[in-house]
Amino acid sequence: MEAKRFNKVFFLEKINDIKRYIDLLEILVTRHLKVRYRGSILGVYWSLLNPLILTGVYTAIFGAAFSQYYNNSILNYCLAAFTGLVVVNFFSSCTAQTLLSIVNNGTLLNKIKIPISIFPVSIVFANLFHLIVGAVPLLIIFTLVTSSNILNALLLLFPLVSLNFVCLGIGLIVSSLYVFFRDLHYIYELIIFVLWISSPVFYPSEIVSDNIRPLLNLNPLVSIIQSLRQITLSGNTPDLSLVWSSFFSGIILVVLGLICFKTLYRKFIDLL
Amino acid sequence: MEVIRLDHVSLWRRTQEEFSYDLKKTILNLVQGRYRSPSKKQILNNIDLVIHQGEKVGIIGANGSGKSTLLKIICGIFTPTSGTVRVRGKIAPLIELGGGFEPEISVVDNIIFYGILLGFSKQEMKGKISSILEFAQLEEYAEIPVKALSSGMTARLGFSIATDVKPDILILDEVLSVGDAHFQSKSKQRMDQLWQANTTVLLVSHDLDFLQKTCNSAILLDKGNIKFIGSVHEAIKIYLE
């Protein structure tokens, strides 16, 4: 009887915790967006500007050299570069912001009891919002034009969800480690650059020598970019093995991120 | 009714000054075999404490005796290294006012933000906006970003939010006195109301006269140990010796 009552109380408390977590998440995400877009006319579309400009630059410089790998079409190269850039750009800006998120809120964490994970998670959600209003409509249009099949557009969800899982996982890891190692952001810049250059964003993966190419698959962004391109640009039915492998890398990284965060978070408060 | 109960609570914390926050240095030290695991220091030692509903408890002690740490343990910011902490009811820490504001967003948004941090739902906070603005005398500033307010106005806003929430347990780290003469008398009235209501109050202060006037019991901390619990008068006497 007593145990039953205890269970009920425990359950109600859990529900309350979840409700509070959602409230906090909502308020932190809106705060983030409001701060970021205060007084800028283009608002959320700034986040699209970066990949668009870079696509132009890459097409101008590499388009002629690489278009032979894309059925001799500069337009195909341009679209491939854009889809790759959306992914890589999202990843680098999202995780770089997440890295700082726990340390930057250290003062607040020292004053009020707040679940620590809310800070990295809210950054990923805020970035997801940019992605949804910025690049996703364009990707949907590409998909509908090339395949004229609604199902393909729906399947776009999988590489995008995987991308966010990858960002969340890596974000949890780097934001946790940054509490202990405050020079991590210099090193992380280098890591981002390595991931950037090892993702076939502006070059076709065929130009990489056969010995090296399998190594590229260690980069979790590669399968996401491939899957996204296959769905948006090929016009064929989505390749489920690509979808699955991108999803798989996302799940693995989220689990790794959670394990890393769970083992470390009790030690954070002494160092904030 | 018991609202706060601490059983054998001890807390060890890592000392920050010895810690190298540096990956490069840590790796170098590891390579050269000079790495030491960070040292820890005992901040609270075997604290037993029971506080009942409606009690007003003052906490005194020298700097570094663990007063604020004790409050933070009760708030749940620190988890004790050993022992258990049980708290019944909603706690509102009167945190350093204005510390949690986001300067770029509007006063109203900050009210909601702050309230949710304190543990209220968005709906509840929406209902409180007008009374908070009115008490802070900031009705005309509702949509203005907080960075445009003067420091006195910001402090008034912080006070109004933190005291409007009517918590079961109020935690005060040093008493607040903010704003101009008019606002100070208003804020004093409000503190009196909170005091008279059945709120449990925990107060850290070096203002011994104020403690004597307002609290009905006191805790004297010395180097992380409870040296004395009981009447305010006696606690102060021991403390001054």
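**Chain B, its contact with chain A, and a helix pair in chain A**

The secondary structure of chain B comprises eight helices and nine strands. The model is a predicted one. Along the principal axes, the C-alpha atoms of chain B fill a box of roughly 65 × 50 × 30 Å. Chain B has 241 residues, and 36% of them are buried. Contacts in chain B were also sorted by separation in sequence. Among those between residues at least 6 apart, 74% join residues at least 24 apart.

Chain B contains an open sheet of three strands. The order is β2-β1-β4, and the pairing is antiparallel. Strands of a sheet pair through backbone hydrogen bonds, either parallel or antiparallel. The edge strands of this sheet are β2 (40–52) and β4 (82–87) of chain B. Each of these pairs on one side only. From one strand to the next, the twist averages 20°. Strand β1 of chain B spans residues 2–14 and runs antiparallel to β4(B). Five bridges join β1(B) to β4(B). B:D7 stands opposite B:T84, a residue of β4(B).

The two chains touch. Chain B gives 30 residues to the contact, and chain A gives 24 residues. On the side of chain B, the elements that give two or more residues are β1, α1 (23–31) and α3 (107–117). Of these, α3(B) gives the most, with five residues. The side of chain B that touches chain A is mixed by class: 14 residues are nonpolar, eight are polar and eight are charged. Strand β1(B) thus appears twice in this account: it is joined by bridges to β4(B), and it gives residues to the contact with chain A.

Chain A holds a pair of helices in contact. Helix α3 of chain A covers residues 74–104, and helix α5 of chain A covers residues 118–133. Their axes come within 8 Å and cross at roughly 155°. Angles over 145 degrees count as roughly antiparallel. α3(A) and α5(A) are therefore roughly antiparallel to each other. Their crossing is right-handed.

Both helices contribute several residues where they meet. From α3(A) come A:F90, A:S93, A:C94, A:Q97, A:T98, A:S101 and A:I102. These meet A:F119, A:P120, A:I123, A:V124, A:N127 and A:L131 in α5(A). By class, this contact has eight nonpolar and five polar residues. Charged residues are absent from the contact of α3(A) with α5(A), whereas the side of chain B that touches chain A has eight of them.

Key. Residues numbered from 1 in each chain as written. Chains lettered and ligands numbered in written order. Predicted model: local features only at pLDDT ≥ 70, side-chain atom pairs only at ≥ 80, totals over all residues. Axes fitted to C-alpha atoms, helices over the stretch in contact; angles between N-to-C directions. Helix = DSSP H or I, 4+ residues; strand = E, 2+ residues; numbered from the N terminus. Parallel < 35°, antiparallel > 145°, perpendicular 65-115°, else oblique. Left-handed = near helix turned anticlockwise from the far one by under 90°. Contact = placed C-beta atoms within 7 Å. Nonpolar A, V, L, I, M, F, W, Y, C, P; charged D, E, K, R; others polar. Pairing = 2+ DSSP bridges. Buried ≥ 20, exposed ≤ 12 C-beta atoms within 10 Å, placed from the backbone.
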